[in-house]
Amino acid sequence: MQFFTVTDESNVKHKVLIVPLTDKEMNELAGQCEKCMPSISISSLVQNGHPYVIVDFGGDGAWKTAIPLDEASEDGHKVGDELAVGDVLTVILTSESQAVKISKDKVYMNVPLEEILAFSFLYTADIAENYALFNMYNQPKGE
């Protein structure tokens, strides 16, 4: 995963997460999105010792993905540590490993927009609470 923050010409900061998919996953998602415009819902949970943001692309048998908040992105920081309540996170799903390049605070798309799926969501208090709960239980135990 790649996580980065860029500032646009209006001095607005944008937080972006690139989530790599396999070709098969991307084809399944693209196929579902061709049939209908998906309604995306966001939730969070801690499962098997890890905090996740769950992205559900709607309906029965719909495609879903989980974004692990405790996973380090390429810069070595955990995604959950980079976010605060009220942040808007733009997620780009792609099977192209070099879809996005960052250079000197500029972002370059190396693939046509047809080869990605992008959406944004608000990092809410309930997501932050699940991540805080995860962090609290993972603190070293005092004796």
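**Exercise 1. Is leucine 117 buried or exposed?**

Solution.
Step 1. Note that the model is predicted.
Step 2. Find the residue: leucine 117 sits in strand 9, which covers residues 116-122.
Step 3. Read its relative accessibility, which is 16%.
Step 4. Apply the cut-off: buried means under 20% relative accessible area.
Step 5. Conclude: leucine 117 counts as buried because its relative accessibility is 16%.
Step 6. Add a distance. Glycine 86 is 31 residues from leucine 117 along the chain, and their C-alpha atoms are separated by 23 Å.

**Exercise 2. Describe the overall fold of the protein.**

Solution.
Step 1. Count the elements: there are 2 helices and 9 strands.
Step 2. Put them in sequence order. The pattern reads β-β-α-β-β-β-β-β-β-β-α.
Step 3. Check the compactness. The radius of gyration is 16 Å, close to the 15 Å given by the globule rule for 143 residues, so the protein is as compact as a globular protein of that length.
Step 4. Give the dimensions. Along the principal axes, the C-alpha atoms fill a box of roughly 55 × 45 × 25 Å.
Step 5. Look at the contacts between residues at least 6 apart in sequence: 56% of them join residues at least 24 apart.

**Exercise 3. Describe the surface and the charges.**

Solution.
Step 1. Start with burial: buried residues are 36% of the 143 residues.
Step 2. Turn to the exposed area. The protein exposes about 8900 Å², and carbon and sulfur atoms supply 50% of that.
Step 3. Count the charged side chains: 10 are positive and 22 are negative.
Step 4. Compare where the two sets lie. Their centres are 3 Å apart.

**Exercise 4. Which side chain does serine 44 join in a polar contact?**

Solution.
Step 1. Locate serine 44: it is in strand 3, residues 41-47.
Step 2. Test for burial. Serine 44 counts as buried because its relative accessibility is 17%.
Step 3. List its contacts, leaving out residues up to four places away in sequence. Serine 44 touches Tyr52, Val53, Ile54, Asp126, Ile127 and Asn130.
Step 4. Pick out the polar contact: the side chains of serine 44 and asparagine 130 are joined at 2.7 Å.

**Exercise 5. Work out the surroundings of lysine 15.**

Solution.
Step 1. Locate lysine 15: it lies in strand 2.
Step 2. Test for burial. The relative accessible area of lysine 15 is 18%, so this residue is buried.
Step 3. Find the contacts beyond four places in sequence. Among them are Phe3, Phe4, Thr5, Glu82 and Leu83. Asp87, Val88, Leu89 and Thr90 are also in contact with lysine 15.
Step 4. Find the polar contact: the side chains of lysine 15 and aspartate 87 meet at 3.4 Å.

**Exercise 6. Examine two loops, looking at exposure and phi.**

Solution.
Step 1. Recall the background. Most residues other than glycine have a negative phi.
Step 2. Go to the loop between strand 1 and strand 2, where asparagine 11 is placed. Asparagine 11 has a positive phi of about 65°. At 66% relative accessibility, asparagine 11 counts as exposed.
Step 3. Stay in that loop for glutamate 9. Its relative accessibility is 77%, so glutamate 9 counts as exposed. Glutamate 9 and valine 107 are 98 residues apart in sequence, and their C-alpha atoms are 12 Å apart.
Step 4. Move to the loop between strand 3 and strand 4, the place of asparagine 48. Phi of asparagine 48 is positive, near 50°. Asparagine 48 counts as exposed at 69% relative accessibility.

Methods:
Residues numbered from 1 in each chain as written. Predicted model: local features only at pLDDT ≥ 70, side-chain atom pairs only at ≥ 80, totals over all residues. Heavy atoms only, no water. Helix = DSSP H or I, 4+ residues; strand = E, 2+ residues; numbered from the N terminus. Rg over C-alpha atoms; globule rule 2.2 N^0.38 Å. Buried < 20%, exposed > 50% of the residue type's maximum accessible area, 1.4 Å probe, protein only. Contact = heavy atoms within 4.5 Å. Areas by Shrake-Rupley, 256 points an atom, 1.4 Å probe, with all protein chains shown as cover. Lys, Arg positive; Asp, Glu negative; His and termini not counted. Charge placed at Lys NZ, Arg CZ, Asp CG, Glu CD. Polar contact = N/O pair within 3.5 Å; in protein donor to acceptor, adjacent residues only side chain to side chain.
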